[in-house]
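Student: Could we go through this one together? I'd like to know what stands behind each label.

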Amino acid sequence: MLHTVNKSSFERNSLQSCLNTIDDTSVILFIEDGVINAANNANSSMIADLAASGRVFALQGDVEARGISPKLADNIKLVDYAGFVDLVVEHGTAVSWV
Amino acid sequence: MKFAIQVNEGPYQHQASDTAFQFAKAAIENGHEIFRVFFYHDGVNNASRFTLPPQDDRHVVNNWASLDIKNAEGEPELVVCVAAALRRGMLDESEASKNSIEGNNLHPAFRISGLGQLIEAGIQCDRLVVFGD
C-alpha cells in the first residue's frame, strides 16, 4: 500500500495515525504540508527507520516550495508527479491521510 | 492503467485540487487513462465557470477543463456530486430550471451526477486516489 500524508505533524496527528496502521510492505509519500515531516529536525525515529529501508518518499516540488531541501532527513527519496503516479501504480491501494 | 481521482477540497483553499490536477496531468502524460474525476464536498467549487483568478495566477477551473476528460459518448468525466453541488449553489441548466432558479454556473467541461458515479469509478478503475484536506 501507498500512504500519502499531506499535513505536518505539528498541525495534525495524521502521520501518527498512518504510522500506527502501516504494515511491513507499505511505503509513505509526503505531499503538500506533509513534506515538513521530511525535515531532519521534525521526524520520528520510526520515520528514520522506514527511510533507511527505502520506504519514505517526498514530493520534490512541495519540498522545494517550503525550503526543506537543505535540511531533508537522510534516506528520504524525492519524486516528481510522474514518480507519484509510478508509486500509485507500483504499490496498489493508495490511502490518503489528511 | 486506469485511474479514478476524488477531489474533496475547493480551489485556492489549500493545495489538494492543484496536487490532484498535477497528478492527473502526469498520469495522462505517462500513458495512463483518467477514467473519471469525482468532485465531492467543497471540491464541487472547482467546477464554477464564474471563477476569475488574477491574470498572473493559475486558473484551477480551466486547468481541469483543459484535461478534456470525456467518455466514449463524449460526455465529460469531470463529475460533480449533485447533493454537494446543490447545497453550495453549484447548478447546471437542468438543476436551475428544476428549482426555478435563473442562471447556472457549472463549467461545460463538468457534469453533475450522483454518488453512484464514485462507486462505479472505484469498481471500474485499477486505482482510486483521494485528494483532500
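Tutor: Sure, pairing first: two strands pair if DSSP finds at least two bridges between them, and strands (E, at least two residues) and helices (H or I, at least four) are DSSP runs numbered from the N terminus. Keep in mind that this is a predicted model, where local features need pLDDT of at least 70, side-chain atom pairs count only at pLDDT 80 or more, and totals for chains, interfaces and linings use all residues. Residues are numbered from 1 along each chain as its sequence is written, while chains are lettered from A and ligands numbered from 1 in the order in which they are written.

Student: How do you know which strands of chain A sit at the edges of the sheet?

Tutor: Five strands of chain A form an open sheet in the order 4-3-2-1-5, with parallel pairing. Strand 4 (77-79) and strand 5 (94-97) of chain A each pair on one side only, and that makes them the edge strands. From one strand to the next, the twist averages 25 degrees.

Student: What makes strand 1 and strand 5 of chain A a pair?

Tutor: Four bridges join strand 1 (residues 2-5) to strand 5 in chain A, and the two run parallel. Pairing asks for at least two bridges. For one bridge partner, take T4(A), matched with S96(A) in strand 5.

Student: Where does helix 1 of chain A lie?

Tutor: Helix 1 (residues 14-21) of chain A lies across strand 1, strand 2 (27-30) and strand 5 of that chain, at about 165 degrees to strand 1. Axes here are lines fitted to C-alpha atoms, for helices over the stretch in contact, and angles run from 0 to 180 degrees between N-to-C directions. Along chain A the elements run β-α-β-α-β-α-β-α-β from the N terminus.

Student: Why does the radius of gyration of chain A agree with a compact globule?

Tutor: The rule is 2.2 Å times the number of residues to the power 0.38, with the radius taken over C-alpha atoms. For 98 residues that gives a value near 13 Å, and chain A has 12 Å, so the two agree. The C-alpha trace of chain A spans about 30 × 30 × 25 Å along its principal axes.

Student: Why is E33(B) called partly exposed?

Tutor: A residue is buried if 20 or more other C-beta atoms (placed from the backbone) lie within 10 Å of its own, exposed if 12 or fewer, and partly exposed in between. E33(B) has 14, so it is partly exposed. E33(B) lies in strand 2 (residues 33-39) of chain B.

Student: And what makes strand 5 of chain B largely enclosed?

Tutor: Four of its five residues are buried, so the rest of the structure largely encloses it. Strand 5 of chain B pairs in the parallel sense with strand 1 (residues 2-7) of chain B over five bridges, and I5(B) stands opposite V129(B) there.

Student: Which residues does I5(B) touch?

Tutor: Contact means C-beta atoms, placed from the backbone, within 7 Å. Leaving out residues up to four places away in sequence, I5(B) touches A20(B), F23(B), A24(B), I34(B), V37(B), V129(B) and F131(B).

Student: How many residues of each chain meet at the interface?

Tutor: 15 residues of chain B are in contact with 11 residues of chain A. On chain B's side, helix 1 supplies the largest share, five residues.

How values were computed
Two residues are in contact if their C-beta atoms, placed from the backbone, lie within 7 Å.
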